[in-house]
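Student: I'd like to go through this model with you, one question at a time. Could we start from a single residue and work outwards?
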Amino acid sequence: MTYKSDFLNVLDERGFIHQCSDFDGLDALAAKREVIAYVGYDCTAPSLHIGNFLSMMMLHWLQETGNKPITLMGGGTTMVGDPSGKDETRAMRTPEEIEANKASIRGVFNQVLQFGDGQTDAIMVDNADWLLELSYIDMLRNVGRHFSVNRMLTMDSVRLRLEREQEMSFIEFNYMVCQSYDYVELARRYGCNLQMGGSDQWGNIVNGVDLGRRMGTHQLYALTTPLLTTSSGAKMGKTAQGAVWLNAEQFSPWDFWQYWRNTEDGDVARFLKLFTTLPMDEIAKLEKLDGAEINEAKKVLANEATALLHGRDAADAAAATAQKTFEQGGLAQDLPTISGNPGDGLLSLFVAAGLGASNGEVRRAVTGNSVSVNDTKISDPGYIAGEADFNADGLMKISLGKKRHALVKRD
């Protein structure tokens, strides 16, 4: 489909669009470069994850096409907890935890957005500024009266929980009210006219559009992205180490590079479009590679995605480490490193290095002939590291399969 606006054309050709409340209306607004769009990010952890990276890229392209992005920190909504996609109530965070998480999260946006006071410069705001000032009765009278409980019960975040006979707390039931009111406040304070997010947020976003109409704002719009899955059908963003976090402290640039390098063949072109800023003609050339050549496209994906989030130096360092480790047979010093000594058991070392979630998982990998020490296959799950396993620099290389490696540094 061809649009009038650069914004929707870019999102469409790169595969970002899933649903929109009014394509024609939003397209007309974007063609005049008058879209002011926001995405909300709750502060449930010290880092955002790869699913958030997708919506951050939507904000990036919004700005690149002459419109204005807003990043909304959920200092208020995190105290409530989003029930979307959850079978049980999220753990309640203390105000101190929320503030610490918020501070840790903020910096990542500087990698993909330009902040400032200009017309298209991004701004960052916090919904705690208005949600924490509301009195309960005022909220019920001025906002709650516009919501139908009957309709709220049909929203996926509520309906799916109830169908599975999982309890939903009253505080969670109110999350969509808070999110909808965020949209109204952003419209009033900053002229915001578009909320974007993942497809699981569609119900909450269109509730905000409807609340804006009922409370007298200008016309509001909704736009969502598809659910992130791999070509094999798995949910994207999970590894043996856990979630793929965006902060380097939670998930190193090396691990981030490796995550993209290990992309399934069928996902490379799609992820190049979504998670890099490479021109579409370059992506088209990479998309034509097949067989062993597709590994070159995976390296480009890893380099560009890592450079975008962690900087070009970090991406180049990860690529150089990979080349030395995988192609030249060397021992790159900047692989993920843990402490260990002769006499340590192999299973515990692998778990400590994040190469396995448990001793049992590593034991099964040994049985499957997937575990190596210094590039030598290990067949005994009871293997104990010896003096000879450490080189003159006190290093031992441990590997799971051909692509996952770590160093054990002698104390």
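Student: Is Met56 buried or exposed, going by relative accessibility?

Tutor: Happy to start there, keeping in mind that this is a predicted model. Met56 sits in helix α3. The cut-off for burial is under 20% relative accessible area. Met56 has 0% relative accessibility, so it counts as buried.

Student: Which residues does Met56 touch, leaving out those up to four places away in sequence?

Tutor: Let's look at the surroundings of this α3 residue. Val39 is 17 residues from Met56 in sequence, with a C-alpha to C-alpha separation of 8.0 Å. The contacts of Met56 are Tyr41, Leu48, Val108, Phe109, Val112 and Leu246.

Student: Staying with α3, what classes of residue make up the contact of α1 with α3?

Tutor: The axes of α1 (residues 6–14) and α3 (residues 50–64) come within 9 Å and cross at roughly 140°, in a right-handed crossing. From α1, Phe7, Val10, Leu11 and Arg14 meet Met58, Trp61 and Leu62 of α3. By class, that contact has 6 nonpolar, no polar and 1 charged residues.

Student: And what does the contact of α12 with α15 have by class?

Tutor: Here the axes of α12 (residues 253–261) and α15 (residues 294–310) come within 8 Å and cross at roughly 145°, and this crossing is right-handed. On the α12 side, Pro253, Phe256, Trp257, Trp260 and Arg261 take part, and their partners in α15 include Lys298, Leu301, Ala305 and His310. The class make-up is 8 nonpolar, 4 polar and 3 charged residues.

Student: Why do the buried residues of α8 line one face of the helix?

Tutor: In α8 (residues 156–163), Ser157, Val158 and Arg161 are buried. Looking down the axis, these buried residues line one face because they fall within an arc of 95°.

Student: Which helices do the buried residues of α8 pack against?

Tutor: Take the three from before, Ser157, Val158 and Arg161. Just after their helix, Glu165 has a positive phi of about 55°. The packing partners of the buried α8 residues are α7 (149–152), α9 (170–173), α10 (175–190) and α11 (202–214).

Student: Moving on past α10, which backbone nitrogen does the side chain of Asn193 reach?

Tutor: Asn193 lies in the loop between α10 and β5 (194–198). With 7% relative accessibility, this loop residue counts as buried. Residues it touches, beyond four places away in sequence, include Glu34, Val35, Ile36 and Tyr183. At 2.9 Å, its side chain reaches the backbone nitrogen of Ile36.

Student: What is the relative accessibility of Arg33?

Tutor: Arg33 is in the loop between α2 (23–31) and β2 (36–42). Its phi is positive, about 55°, although the residue is not a glycine. Arg33 counts as partly exposed, with a relative accessibility of 45%.

Student: One last residue: what is the phi of Asn369 near?

Tutor: You'll find Asn369 in the loop between α18 (359–367) and β10 (371–373). At 46% relative accessibility, Asn369 counts as partly exposed. Its phi is positive in a residue other than glycine, with a value near 65°.

Notes. Residues numbered from 1 in each chain as written. Predicted model: local features only at pLDDT ≥ 70, side-chain atom pairs only at ≥ 80, totals over all residues. Heavy atoms only, no water. Buried < 20%, exposed > 50% of the residue type's maximum accessible area, 1.4 Å probe, protein only. Helix = DSSP H or I, 4+ residues; strand = E, 2+ residues; numbered from the N terminus. Arc of directions from axis to C-beta. Contact = heavy atoms within 4.5 Å. Polar contact = N/O pair within 3.5 Å; in protein donor to acceptor, adjacent residues only side chain to side chain. Axes fitted to C-alpha atoms, helices over the stretch in contact; angles between N-to-C directions. Left-handed = near helix turned anticlockwise from the far one by under 90°. Nonpolar A, V, L, I, M, F, W, Y, C, P; charged D, E, K, R; others polar.
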